[in-house]
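Work through the exercises below with the sequence and the model at hand. Each task is followed by a solution in steps.

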Amino acid sequence: PIYWPADDPRRARLPQIMEAVHTAVPIFNTYGPQPIMSTVLVVTELAEGEAEGHPRPNIYAKAKSGGTSCHVGIFPSSFHIDAPLMQQSIAHELFHCYQYTNLTAQESGPDPAANEWWVEGGADYFSDVAYPNVNHENRWLSLIRDNATDEPLTSWRYKAFIFFEYLANNMGMTPDQIIALFASMPTSGGVDE
């Protein structure tokens, strides 16, 4: 916000936010075929969900497709975590911008409940590709241990990153091959598809 005083400590995060963009976007653009659509980043003092009266303080940033552009909101909670965690969270959202650009039919065609496992899990996996030494995705490990045998992969969301890490680390799949897997996802239907 423009009214932040020059000595406001949150201003120190602004270059770190741009560093996240300059780190993640060139990596994601190598997977093509199109470069990420025009993206607008908005730093806001409103917590995600505050408009509905229920702020969600653990949401650091959120991407939304605007048709020909991607909008990424960066929420106050991101200013309360370590800079590398914030940057990996922003990379996660920027991967959604990649999905909106290059996997539009697969991302938006099916019932959202049917594709969140690879949309969110894939964004967490690729945020780790951009920031391999931060490991912010590991916050889901206890949930994976607790639910791995009780829930199908297709009901997972963020914690499905572990599936893509398994494909990369144990099956030797490259990020390009994982992108090809995403491109092979159905463009309509529900969980069965």
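The exercises cover the disulfide, an aromatic pair, the nonpolar core, the largest pocket and some backbone details.

This is a predicted model, in which local features need pLDDT of at least 70, side-chain atom pairs count only at pLDDT 80 or more, and totals for chains, interfaces and linings use all residues. Residues are numbered from 1 along each chain as its sequence is written, and side-chain values use heavy atoms, with hydrogens and water left out.

**Exercise 1. The disulfide**

Find the disulfide, state its handedness and say which parts of the chain are tied together by the pair.

Step 1. A disulfide is taken as a pair of cysteine sulfur atoms within 2.5 Å. The structure holds 1 disulfide, formed by Cys70 and Cys97, whose sulfur atoms are 2.0 Å apart.

Step 2. The torsion about the S-S bond of Cys70 and Cys97 is about -65 degrees, so this disulfide is left-handed.

Step 3. Helices (H or I, at least four residues) and strands (E, at least two) are DSSP runs, numbered from the N terminus. Cys70 belongs to strand S3 (residues 69–74) and Cys97 to helix H2 (residues 83–102), so the pair ties together parts that are 27 residues apart in sequence.

Step 4. For accessibility, buried means under 20% relative accessible area, exposed over 50%, and partly exposed in between (1.4 Å probe, protein chains only). Both Cys70 and Cys97 are buried.

**Exercise 2. An aromatic pair**

Describe the geometry of the pair formed by Trp4 and Phe79, and place both residues in the chain.

Step 1. Rings of Phe, Tyr and Trp (its six-membered ring) pair if their centres lie within 6.5 Å; planes under 30 degrees apart count as stacked, over 60 as edge-to-face and the rest as tilted. There are 15 aromatic pairs in the structure.

Step 2. In the pair of Trp4 and Phe79, the centres are 5.7 Å apart and the planes are at 90 degrees, an edge-to-face arrangement.

Step 3. Trp4 is in the segment before helix H1 (13–29) and Phe79 in the loop between S3 and H2, so the pair ties together parts that are 75 residues apart in sequence.

Step 4. Trp4 is buried, at 4% relative accessible area, and Phe79 is buried at 13%.

**Exercise 3. The nonpolar core**

Which residues have the most contacts inside the largest nonpolar core, and which element gives the most to this core?

Step 1. A nonpolar core is a set of buried Ala, Val, Leu, Ile, Met, Phe, Trp, Tyr and Cys residues joined through side-chain atoms within 4.5 Å. The largest one has 47 residues, and Phe28, Leu94, Phe126 and Phe182 have the most contacts inside it.

Step 2. H1, strand S2 (61–65), S3, H2, helix H4 (112–130), helix H6 (161–171) and helix H7 (175–183) each supply at least two residues of this core. H2 gives the most, with 8 residues.

Step 3. Contact means heavy atoms within 4.5 Å. Beyond its neighbours within four places in sequence, Phe126 is in contact with Phe28, Tyr31, Phe95, Pro175, Ile178, Ile179 and Phe182.

Step 4. One aromatic cluster includes Phe28, Phe95, Phe126 and Phe182.

**Exercise 4. The largest pocket**

Give the volume of the largest pocket and the residues nearest its centre, then place Arg157.

Step 1. On a 1 Å grid over the protein atoms alone, a pocket is an open set of points where a 1.4 Å probe fits, with protein on both sides within 12 Å along at least five of seven lines; lining residues have an atom within 4 Å of a point. Grid points are joined across faces, edges and corners, and a volume is the space filled by probe spheres set on the points.

Step 2. The largest pocket holds about 800 Å³ of space. Its lining has 30 residues, with Glu93, His96, Glu120, Arg157 and Tyr158 nearest the centre.

Step 3. H4 gives the most to this lining, with 7 residues.

Step 4. Arg157 lies in the loop between H5 and H6 and is partly exposed at 36% relative accessibility. Not counting residues up to four places away in sequence, Arg157 touches Glu116, Trp117, Glu120 and Gly121.

**Exercise 5. Backbone details**

Where is the cis peptide bond, and what is the phi of Asn135?

Step 1. The cis peptide bond joins Gly32 and Pro33, with omega about 5 degrees. Pro33 is in the loop between H1 and strand S1 (38–43).

Step 2. Asn135 is not a glycine, yet has a positive phi of about 65 degrees. Asn135 sits in the loop between H4 and helix H5 (141–147) and is partly exposed, at 31% relative accessible area.
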